[in-house]
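Reader: I should like to learn how to read the arrangement of domains and the surroundings of a ligand. May we go through the two topics in turn?

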Amino acid sequence: MSGMEDKITSLLAEGKVYPPPEQGRDQAWVKSMDEYKEAYAHSMNDPEGYWAQRAEELVTWDKKWDRVLECDLSIPEVKWFVGGKLNLSVNCLDRHLINDRRNKAAIIWQGEPEDDVRVYTYQMLHDEVCRFANVLKKKGVKRGDRVAIYLPMVPEMAIALLACTRLGAVHSVVFAGFSAAALQSRIEDCHAKVLITADGVLRGGKAIPLKASADEALLSCPSVECCVVVRRAAIDVEMKEGRDCWWHREMSAKDISSFCEPESMDAEDMLFILYTSGSTGKPKGVVHTTGGYLTYALHTAKWVFDLKDNDIHWCTADLGWITGHSYILYGPLGLGATTLMFEGVPSYPSPDRFWKIVEKFKVSIFYTAPTAIRALMREGVEHTRKWDLSSLRLLGSVGEPINPEAWMWYYLHIGKEKLPIVDTWWQTETGGIMIAPLPYVTPLKPGAATLPLPGVDAAIFTEEGKEASPNEGGHLVIRKPWPGMLRGVFGSPERYKKAYFDRYPNIYDPEDGARRDEDGYFWMMGRLDDVINVSGHRLGTAEIESALVAHEAVAEAAAVGMPHPVKGQAVFAFVTLMSWAEESDELLAELRQHVRKEIGPIATPDVILWAPSLPKTRSGKIMRRILRKIAASDFADFGDTSTLADPSVVDELVDTRKKLG
Ligand code: WT7
């Protein structure tokens, strides 16, 4: 064990509480625990009054709302700032075009090649957004139309999202790492009129085709009338006459002006759809609306990241996820800050890339995922020492519980024992951060997301719906509506109710397990549904299973999560073949490739185990809890197996698992 690992282990053993740093507190937006407690009490006693105040302070409205909240969670139906009118791009752009701020960097973009850097001032970004909004208009995009976006992390992605909001069109971003099939089903679900994509993606020094996947998806997407293509990777693409056009050509057309009148939207008009996995095979189109989402993104960005005018804010997520939506784009730009957008990966060309970028742009706020921290931790601490990290003042974490070892490493080697770490718990559905420390105020415990933000009525419930006692594990629940909450599942009110409001009447159920300690701190324990968290990305086991059984050789499949040192969890699949099919390494490779193609590289099973049959109850239900244990090579205690139709199945699987090692 190295000296450093020793230090981490011994610090953790102490169960120490880390006081928030004093340096910076004087200038912080929230300066004391009392201020937090007061705001929290206000938000609980008078939620409408509290949120009205926040919305008034943070958002520029064309017209003020008539009612703060209309809510009936039994339907469920939630409306915030009813009657209010606003435009999101005005809040992120136009309102900053005053005085010197219009010349301030809005986006600093670091491309994957080191020399590829672009800086957009607020004025420049405003003009580009207007131009692209005019391009979309020319293509027939109107208020309420859906626009699908399938792009690498290039500035055009930010421009495209903001351009949609300019017109009141609804964007639906599909992560560029998803497959053609995944893109196709999402476009089909939301009936997108336009698709914006690129020739390819630059990743890890390679150019990977993207337009080819888009073309494949569009073979069965009749709703898409037009496909705009950004040139990024110098990859030859086919352009379909009458449907496809180049971004740069459209943008430089003579009739495209750099002003576009913003559409004044209702607070409850749909802003975007983002698909996420749940318990069923089909991803849910999570719907967010305009006024509430923006209020919540700004409120949380300001409180949790303590964002100020002179900050350089770097959230390392992709804009294809909610983290990117809220904390690369809307939160920082809405507050008039400078946001950094990075196209590459942490490991290329070497594992010091993140730290090099921190030094290069004097990043002050750094927000990443535990999986990235663990991966960099493995590469050794020397990479962190090559660069000057003294510009940093605040660190953040998101996506999965941060294990205390990773927390300590982050604290010691990146934070140099001086910086606050905000571990932020939230979800695609919540729109913004829900449970997190306030950086200069909340005492930290490594591995705890700490306390709920003002307005967030979080609790731990037992199975029976009673509040759990301190340290008793249970279901995390949110008892009051908040402005950033999802307003529905696109096209399916039944799924909305069933997925989030069925377990406990009138209470939001995030499907996460957690406990609350004697200080009221929340400790997250992971998903309670059949969703696994691979590198901070949600994957439905049902989606993976349906991809597997779609292969002709597969009769039945069960996917579970298995602990993984870097990814948190990895996909482990049990596969029963058709009687005619034969187990072979080729078939194994083919099945992995098949899942990759159906969903995307992140869903590829790390392990596939041939299962002559699966452990099922007499009523035919697969006992996943046993499969999870077998996947983790934890054979000690399978619990009650008396309801299994054929208990010998388990022994057989255990033997095969042992052979795999
Ligand atoms: C799920 C949401 C919006 C965040 C990015 C992922 C897990 C997220 C934490 C955290 C423990 C966390 C939960 C949640 N999760 N952040 N700080 N501590 N768990 O968004 O894809 O919607 O996933 O990620 O299980 O339900 P998402």
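Reader: How far apart do the C-alpha centres of domain 1 and domain 2 lie?

Author: Domain bounds come from an automatic or database domain assignment. Here the C-alpha centres of domain 1 and domain 2 are 33 Å apart; domain 1 spans 23-515 and domain 2 spans 535-660. This is a predicted model, in which local features need pLDDT of at least 70 and side-chain atom pairs count only at pLDDT 80 or more, while totals for chains, interfaces and linings use all residues. Residues are numbered from 1 along each chain as its sequence is written.

Reader: How many residues does the contact take from domain 1 and from domain 2?

Author: Two residues are in contact if their C-beta atoms, placed from the backbone, lie within 7 Å. The contact takes 19 residues from domain 1 and 19 from domain 2. On the side of domain 1 that touches domain 2, helix H7 (180-190) and helix H13 (370-379) each supply at least two residues, and H13 gives the largest share, 5 residues. Helices (H or I, at least four residues) and strands (E, at least two) are DSSP runs, numbered from the N terminus.

Reader: Which residues come nearest to the ligand?

Author: A residue is near a molecule if its C-beta atom, placed from the backbone, lies within 6 Å of it. Of the 22 residues around the ligand, the nearest are Pro401, Gln427, Thr428, Met524 and Arg538. Helix H11 (322-334), strand S20 (421-424) and strand S25 (522-527) each give two or more residues to this shell, and the largest share, 3 residues, comes from S25.
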